[in-house]
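Have the model open and the sequence next to it. We'll walk through it together, starting from one spot inside and working outward from there.

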Amino acid sequence: ISGQHIMILVLLIASILHWLKIPPISRSILIALFLTFYATITVGSPSVWRALIMYICIAIILHLESSPSPIRPISIAALILLLYDPSLIKNAAFMLSFTAVLSIIFLRSPIEFIFTRIHLPKVIAKYLSVTFAANLGTMPLVAYLFGTVSLSALFVNPLILWTFTFILPTAFFIAFLSVIASIFVFCVLEFIVDTSLFNKIFTNS
């Protein structure tokens, strides 16, 4: 489970709640509760908790400040995590997560401008600028931590990452249907058992 999965879930849930006319503050609270539940059922994956804390910090800043800075909630999230576990400062996943987010904040706009100048459609330019920004920003850190850099990731990741936009919602929909089907089967079996028991008692009497 990665931060990107959490981002897709947030966008999906936010879209549903917006369609249901849920107010923004209530929407943020419901999303935070759902992400907390999701983090719990994924056995508390560190990347999920990082993304959850980031989302909560961003949501609070957006609702409290008239001109919120994207750096402030990221900094607060990092501070909270480091206060909880100072050893995270040496954790590769922690460093890569925050470096990727900061890279998207600072590099996305200039990269998107370059893509639009070569006449790419705006939607594609926005999508590619995010993935390229995250990959370019984390390349120096990856080279330092692991001693190697995969240039193919610049071109392969954009071809793969968009599929999660469909895979995750589909997986959740199938899981929801399986729960509904299980409840339905249980109710039918309970009805059959109760009816058989009733008929047996009525016949014996």
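Start at Ser 103, which sits in helix H5. Keep in mind that everything here comes from a predicted model. Is Ser 103 buried or exposed? With a relative accessible area of 8%, Ser 103 is buried, since anything under 20% counts that way. So what does a polar side chain do in there? A polar atom of the Ser 103 side chain lies 2.6 Å from the backbone oxygen of Thr 99. Now look past the residues within four places in sequence: Ser 103 is in contact with Arg 108, Ala 133, Ala 134, Gly 137 and Thr 138.

Helix H6 covers residues 122-146, and Ser 129 is part of it. This serine is buried too, with a relative accessible area of 0%. Which backbone atom lies 2.7 Å from a polar atom of its side chain? For Ser 129, that atom is the backbone oxygen of Lys 126. Leaving out residues up to four places away in sequence, Ser 129 touches Arg 108, Ile 111, Glu 112 and Phe 115. Arg 108 turns up in the list for Ser 129 and in the list for Ser 103.

Now turn to the way H5 packs against H4. Two packed helices are described by the angle between their axes and the distance between the axes. Here helix H4 (residues 71-84) and helix H5 (residues 92-117) have axes that come within 11 Å and cross at roughly 175 degrees. Because angles over 145 degrees count as roughly antiparallel, H4 is roughly antiparallel to H5. On the H4 side, the contact is made by Ile 71, Ile 74, Ala 77, Ala 78, Leu 81 and Leu 82. On the H5 side, Phe 94, Phe 98, Val 101, Leu 102, Ile 105 and Phe 106 take part. How many of the contact residues are nonpolar, polar and charged? The split is twelve nonpolar, no polar and no charged.

Between these two helices there is a loop, and Asn 91 lies in it. Asn 91 is partly exposed, with a relative accessible area of 30%. A polar atom of the Asn 91 side chain lies 3.0 Å from the backbone nitrogen of Ala 93.

Next, move toward the N terminus. In soluble globular proteins, nonpolar side chains tend to be buried together. The largest nonpolar core in this model has 15 residues, and the members touching the most others are Ile 6, Val 10, Ile 31, Leu 35, Tyr 38, Val 48 and Tyr 55. Which elements give two or more residues to this core? They are helix H1 (3-19), helix H2 (24-41) and helix H3 (46-64). A second, separate core is made of ten residues, including Ile 53, Cys 57, Leu 81 and Phe 94. You've already met Leu 81 and Phe 94, in the contact of H4 with H5.

Back in the largest core, zoom in on Ile 31, a residue of helix H2. Ile 31 is buried, with a relative accessible area of 2%. Setting aside residues up to four places away in sequence, Ile 31 touches Val 10, Ile 13, Ala 14, Leu 17 and Tyr 55. Take the pair with Tyr 55: Ile 31 and Tyr 55 are 24 residues apart in sequence, and their C-alpha atoms are 9.1 Å apart in space. Val 10, with neighbours within four places left aside, is in contact with Ile 31, Leu 35 and Tyr 55.

Two loop residues deserve a look for their backbone angles. Most residues other than glycine have a negative phi, and most peptide bonds are trans. Lys 21 isn't a glycine, yet it has a positive phi of about 65 degrees. Where is Lys 21 found? Its place is the loop between H1 and H2, and at 71% relative accessibility Lys 21 counts as exposed. His 119 also has a positive phi, near 65 degrees. His 119 is in the loop between H5 and H6, and it counts as exposed at 71% relative accessibility.

Finally, zoom out to the whole protein. There are eight helices and zero strands, so read along the sequence the pattern is α-α-α-α-α-α-α-α. Of the 205 residues, 27% count as buried. Among contacts with a separation of 6 or more, 54% come from residues 24 or more positions apart.

Technical notes
Residues numbered from 1 in each chain as written. Predicted model: local features only at pLDDT ≥ 70, side-chain atom pairs only at ≥ 80, totals over all residues. Heavy atoms only, no water. Axes fitted to C-alpha atoms, helices over the stretch in contact; angles between N-to-C directions. Helix = DSSP H or I, 4+ residues; strand = E, 2+ residues; numbered from the N terminus. Parallel < 35°, antiparallel > 145°, perpendicular 65-115°, else oblique. Contact = heavy atoms within 4.5 Å. Nonpolar A, V, L, I, M, F, W, Y, C, P; charged D, E, K, R; others polar. Core = buried A, V, L, I, M, F, W, Y, C linked by side-chain atoms within 4.5 Å. Buried < 20%, exposed > 50% of the residue type's maximum accessible area, 1.4 Å probe, protein only. Polar contact = N/O pair within 3.5 Å; in protein donor to acceptor, adjacent residues only side chain to side chain.
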